[in-house]
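Visitor: I have a model open and would like a close look at one part of it, with the surroundings added step by step. Could you walk me through it?

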Amino acid sequence: MSTLPKPNPWWMPVMLIAAALIYSYRATIDGLVHQWLNNDDYSHGMLIVPICIYLAWQRHDQLAQTPRYTDWRGLPLLVFSVVTFVLGELGAEVFTTRISLILCFIASLWLLYGFEVIRVLTFPLAFLFMMLPLPGLIYRNITFPLQLISSKWSVKFLQLCGMMAYAEGNIIDLGYAQFQVVEACSGLRFILALFTLGIFFAFWTPKPLWKRVILVAATVPIAMIANIMRIAGTGLLAKFWGETAAQGFFHSFSGWGIFMISFIFFFGLNVFLGLFSKDNEYVEKKKAAKNIENKNIEKKNIEKTNSKNAAIAITALGLTLLLILTAPSVADFFGKVPPQSLKKPLKSFPLKIQGRTGTVKIMDPLLWKRVGGQQYFMADYRTTGKPLISFYVAYYEYQRKGGDFIHSPKLCLPGSGWYIETSDKRVISNEQAGLEFKEMIAQRLGRKQLVYYWYQGRSRNFTNEFAAKFWMVWDGIWRRRTDGALVRVITSITDGQPLNQSRKVLDRFALDVSEQLNQFLP
């Protein structure tokens with residue numbers, strides 16, 4: 001009578017690790033899913049995990065022949081991933097926590113199954129990074145240049161079609177109608193989706209390196225051309241069927257249509273490249289067979305050793321689960337800092353500054369809820385014969401992930417349609433104090449503004465967003481404080497007025513309000 005084979009539940013640690021990651025990263029995963037469902041630029045992210053599971057399943061025969069063993073070299077990466085998660089939580093940096101989620105999964109597999117398994121799963125694991133949305137600062141810095149490029153070449157295409165058209169920034173003027181190429185029309189949506197598709201096609205099956213490079217590199221120009229065709233098509237439709245038709249159903253549907261054309265073109269390129277060097281696949285398969293043969297020899301030696309050390313594998317699994325499951329508690333402990341109240345409420349901020357009289361403004365309650373601070377003051381300061389100065393300060397008694405942290409104007413202004421022409425750090429001073437701030441010149445529809453902003457609080461003054469994150473984490477751990485204020489002053493740059501004259505006025509005002517704020521900030 002034959003006996004049943006002894007079960008080999010090698011997959012159980014994977015399930016336990018996945019469950020632990022879902023528990024510890026539940027807020028991170030919830031934010032990812034929400035962004036996939038509500039931002040069309042990243043809607044392809046929903047498909048990445050199922051695709052990676054399929055790619056891993058494709059390698060099940062190779063995995064069955066691959067030795068599995070406890071590899072302590074994965075422990076440093078696991079610790080680094082957990083520390084990254086904690087720092088991301090403390091620094092309210094969403095992208096950092098998302099990166100740590102994937103790194104933590106990879107490190108766990110490395111520790112529990114060995115580097116040979118990671119080598120077999122290199123592409124499926126690397127492909128997981130394609131599900132992550134871009135960081136906000138990178139997204140904003142990419143989209144507007146893409147808007148300008150799309151506007152410029154769409155106009156050239158329309159001119160080739162015999163239409164009168166010209167571009168001013170991201171505004172396309174057809175004479176009888178104007179169109180603004182907004183963020184959603186920058187082409188980034190096509191680029192990200194097609195770039196992900198390009199990487200999938202390039203590495204799905206064995207290909208020589210030169211084919212993979214061509215396939216991936218071709219995705220960006222194909223996507224850009226597709227987006228230019230869509231924008232130009234909107235202009236042509238407006239000429240023959242009217243502006244309402246151009247911005248109605250066609251504008252929404254054309255995105256899908258153009259993307260399908262891009263996909264067909266890209267698929268054709270893949271087929272065309274497949275006509276060359278087919279023998280390379282045979283060579284790669286022979287190499288893979290040789291590798292499996294070598295791994296079988298190594299597997300016998302390693303598994304013979306590990307059969308005596310099952311306790312080590314269980315210890316590694318327990319340590320992995322412990323690190324993952326305790327990470328949220330560590331972040332929560334350091335993140336729960338006591339709120340720091342203002343010395344006096346911001347509503348009592350002076351309305352008379354340098355001969356200017358301030359008029360208090362009220363922010364939309366829904367907008368203020370999104371800002372996430374505890375107090376703010378906003379006013380327009382006027383004097384006869386000079387441009388008004390808008391002053392805004394938002395104070396946070398504490399900062400943490402989930403919205404209650406300072407948002408950079410670099411993200412807010414482009415979202416309101418303003419294009420940042422220049423952005424430079426400046427330092428000014430008088431007899432009493434000095435001030436470091438970021439100066440930006442922003443324009444929209446022919447209007448220009450001079451914008452200063454800086455972070456102030458905890459006896460610190462800085463302008464760099466990354467420095468703000470670093471000092472927030474540092475002070476949160478060592479000083480148990482994360483309070484701070486964002487300060488912003490704006491004035492218009494009128495035609496014919498020298499920039500230095502506007503700077504001189506705003507410099508004096510910025511120094512004054514900074515000194516006044518020291519009487520309010522703890």
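Visitor: Which residues in α5 meet which residues in α6?

Guide: Happy to take you there. Please keep in mind that this is a predicted model.

On the α5 side, the residues that meet α6 are L75, L77, L78, F80, S81, V82, T84, F85, G88 and E89. Their partners in α6 are T96, T97, S100, L103, C104, A107, S108, W110 and L111. Sorted by class, the residues of this contact divide into 11 nonpolar, seven polar and one charged. Of the residues just named, E89 is the one in the charged class.

Now for the geometry of the pair. Two packed helices are described by the angle between their axes and the distance between the axes. Helix α5 covers residues 75-90, and its axis lies 8 Å from that of α6, at an angle of about 160°. Since angles over 145 degrees count as roughly antiparallel, α5 is therefore roughly antiparallel to α6. The crossing of α5 and α6 is left-handed.

Helix α6 has another partner to look at, helix α1. Helix α1 spans residues 12-24 and α6 spans residues 94-113; here the axes are 11 Å apart and the angle is about 155°. That angle makes α1 roughly antiparallel to α6 too. The handedness of this crossing is right-handed, whereas α5 passes α6 in a left-handed crossing.

The residues involved can be picked out in your viewer. From α1 come P13, V14, I17 and L21, and they meet L101, C104, F105, S108, L109, L112 and Y113 in α6. By class, this contact holds 10 nonpolar residues, one polar residue and no charged ones. Two names deserve a second glance: C104 and S108 of α6 appear in the contact with α1, and C104 and S108 also appear in the contact with α5.

For a further helix pair, turn to α3 and α10. The axes of α3 and α10 come within 13 Å and cross at roughly 0°. Angles under 35 degrees count as roughly parallel, so α3 is roughly parallel to α10. In this contact, I48, I51, Y54, L55 and Q58 in α3 meet T196, F200 and W204 in α10. The residues there divide into six nonpolar, two polar and no charged.

Helix α10 itself offers a simple check on geometry. With 17 residues, numbered 188-204, it should span 24 Å at 1.5 Å a residue, and the 24 Å between its end C-alpha atoms agrees with that. As for its surroundings, 13 of the 17 residues of α10 are buried, so the helix is largely enclosed by the rest of the structure.

A loop residue leads back to the same region. D41 sits in the loop between α2 (26-38) and α3. Its relative accessibility is 3%, so D41 counts as buried, the cut-off being under 20%. Beyond its neighbours within four places in sequence, D41 is in contact with Y139, R189 and L192. R189 and L192 fall within the residue range of α10, 188-204.

Helix α3, residues 45-58, also holds I53. In contrast to D41, I53 is exposed, with a relative accessible area of 56%. I53 and L125 are 72 residues apart in sequence, yet their C-alpha atoms are 9.4 Å apart in space. A similar kind of pairing involves M163, found in the loop between α9 (136-160) and β1 (166-168). M163 counts as buried at 5% relative accessibility, and its C-alpha atom is 8.4 Å from that of L236, 73 residues away in sequence.

Two arginines are worth a look for their backbone. R458 has a phi near 55°, a positive value in a residue other than glycine, and its place is the loop between β10 (447-457) and β11 (460-462). R480 likewise has phi near 55°, and belongs to the loop between α18 (465-478) and β12 (484-492). R458 is buried, at 4% relative accessible area, while R480 is partly exposed, at 25%.

Finally, the wider setting. The protein chain has 19 helices and 12 strands, and 44% of its 522 residues count as buried. Among contacts between residues at least 6 apart in sequence, 72% join residues at least 24 apart.

Note on methods: Residues are numbered from 1 along each chain as its sequence is written. This is a predicted model: local features need pLDDT of at least 70, side-chain atom pairs count only at pLDDT 80 or more; totals for chains, interfaces and linings use all residues. Side-chain values use heavy atoms; hydrogens and water are left out. Axes are lines fitted to C-alpha atoms, for helices over the stretch in contact, and angles run from 0 to 180 degrees between N-to-C directions. Helices (H or I, at least four residues) and strands (E, at least two) are DSSP runs, numbered from the N terminus. Angles under 35 degrees count as roughly parallel, over 145 as roughly antiparallel, 65 to 115 as roughly perpendicular and the rest as oblique. A crossing is left-handed if the near helix is turned anticlockwise from the far one by less than a right angle, and right-handed if clockwise. Contact means heavy atoms within 4.5 Å. The expected span of a helix is 1.5 Å times one less than its number of residues. Buried means under 20% relative accessible area, exposed over 50%, partly exposed in between (1.4 Å probe, protein chains only).
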